Amino acid sequence: MKDFANTNTALSVNEAVRLARQLIALRDPYTAHHENHVGEFAKAIAVEIGFDEKFQEELLIGGYLDDVGKIIIPVSILTKPGKLSPEEYSLIQNHVQAGFDLLKEVSLPSNITRAVLEHHERLDESGYPNHIKDDAISMQARILAIADVVGFHDVGSPLSSCADRDRSGPWFAVRQ
Ligand SMILES: [Fe+2]
């Protein structure tokens, strides 16, 4: 494919993000709804802490796209009621690396792609995919992880009614 970089037809970052969000929404409206909340809440956290505008925007985009890798997961698994099998849960975990691999193909700032890769890592090494901990996890990813949980519980979110259901279900995977 012709490289349109530096031409008038090149997609801007904002356009690429908008396209990705539309694709997420077409395939999985629940995830799209959740991602909107994650992005907005992550940015609000950054504003409250006092991070600069660039950092705030990186979090907004990171939140919008952190689950874009779920494109590799069958919708039947994403929306499956009840328990997931270990294989299904493992497949859901793959969305992190898949999202990173997808986004690194476009010219997004590395702070965003790294946050996407690390948004399920946990300070105590219990996260995934690389089981990193503490300061090895970027600040953006740590804020996204918080926003992910809050977005999940957001009143009105289609996922919020699932909060008390089985921890092995997809709603739990969203929170992990
Ligand atoms: Fe995720």
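Trainee: Does Asp134 count as buried or exposed, and how many C-beta neighbours does Asp134 have inside 10 Å?

Mentor: The model is a predicted one, and in it Asp134 is found in the loop between H7 and H8. A residue is exposed if 12 or fewer other C-beta atoms lie within 10 Å of its own. Asp134 therefore counts as exposed, and its number of C-beta neighbours inside 10 Å is 11.

Trainee: What is the phi of Asp134?

Mentor: Most residues other than glycine have a negative phi. Asp134 is not a glycine, although its phi is positive, at about 45°.

Trainee: Which value is phi of His131 near, and why is His131 exposed?

Mentor: His131 also lies in the loop between H7 and H8. Its phi is positive in a residue other than glycine, near 55°. The cut-off for an exposed residue is 12 or fewer other C-beta atoms within 10 Å. His131 is exposed because the number of other C-beta atoms within 10 Å is 12.

Trainee: Is the peptide bond from Tyr128 to Pro129 cis or trans?

Mentor: Pro129 has its place in the loop between H7 and helix H8, residues 139-153. Most peptide bonds are trans. Omega of the bond from Tyr128 to Pro129 is near 10°, and this peptide bond is cis.

Trainee: Where are the buried residues of H6 around the axis, and what arc do they cover?

Mentor: Helix H6 comprises residues 95-103, and its buried residues are His95, Val96, Gly99, Phe100 and Leu103. They lie on the same side of H6, because they cover an arc around the axis of only 135°. An α-helix has 3.6 residues a turn, so residues three or four places apart point the same way. The arc asked for is 135°.

Trainee: Which helices are included in what covers the buried residues of H6?

Mentor: The residues to be covered are His95, Val96, Gly99, Phe100 and Leu103. Their cover includes helix H3 (53-65), helix H5 (86-93) and helix H7 (110-118).

Trainee: Why does Tyr89 count as partly exposed?

Mentor: Tyr89 has its place in helix H5. A residue is buried at 20 or more other C-beta atoms within 10 Å and exposed at 12 or fewer, with partly exposed in between. Tyr89 counts as partly exposed because its number of C-beta neighbours inside 10 Å is 17.

Trainee: Is H1 roughly parallel or oblique to H3?

Mentor: Two packed helices are described by the angle between their axes and the distance between the axes. Helix H1 (residues 13-27) and H3 have axes 10 Å apart and pack at an angle of about 25°. Angles under 35 degrees count as roughly parallel, so H1 is, with respect to H3, roughly parallel.

Trainee: Which residues of H3 meet those of H1?

Mentor: The crossing of H1 and H3 is left-handed. The residues of this contact divide into five nonpolar, no polar and one charged. From H1 come Val17, Ala20 and Arg21, and they meet in H3 Ile61, Tyr64 and Leu65.

Trainee: Is H1 roughly parallel or oblique to H2, and which residues of H2 meet H1?

Mentor: H1 and helix H2 (residues 29-49) pack at an angle of about 135°, with axes 5 Å apart. That angle makes H1 oblique to H2. By class, their contact has four nonpolar, one polar and two charged residues. Arg21, Ile24 and Ala25 in H1 meet, in H2, Pro29, Thr31, Ala32 and Glu35.

Conventions:
Residues are numbered from 1 along each chain as its sequence is written. This is a predicted model: local features need pLDDT of at least 70, side-chain atom pairs count only at pLDDT 80 or more; totals for chains, interfaces and linings use all residues. Helices (H or I, at least four residues) and strands (E, at least two) are DSSP runs, numbered from the N terminus. The arc is that of the directions from the helix axis to the C-beta atoms. Two residues are in contact if their C-beta atoms, placed from the backbone, lie within 7 Å. Axes are lines fitted to C-alpha atoms, for helices over the stretch in contact, and angles run from 0 to 180 degrees between N-to-C directions. Angles under 35 degrees count as roughly parallel, over 145 as roughly antiparallel, 65 to 115 as roughly perpendicular and the rest as oblique. A crossing is left-handed if the near helix is turned anticlockwise from the far one by less than a right angle, and right-handed if clockwise. Ala, Val, Leu, Ile, Met, Phe, Trp, Tyr, Cys and Pro count as nonpolar, Asp, Glu, Lys and Arg as charged, and the others, Gly among them, as polar.
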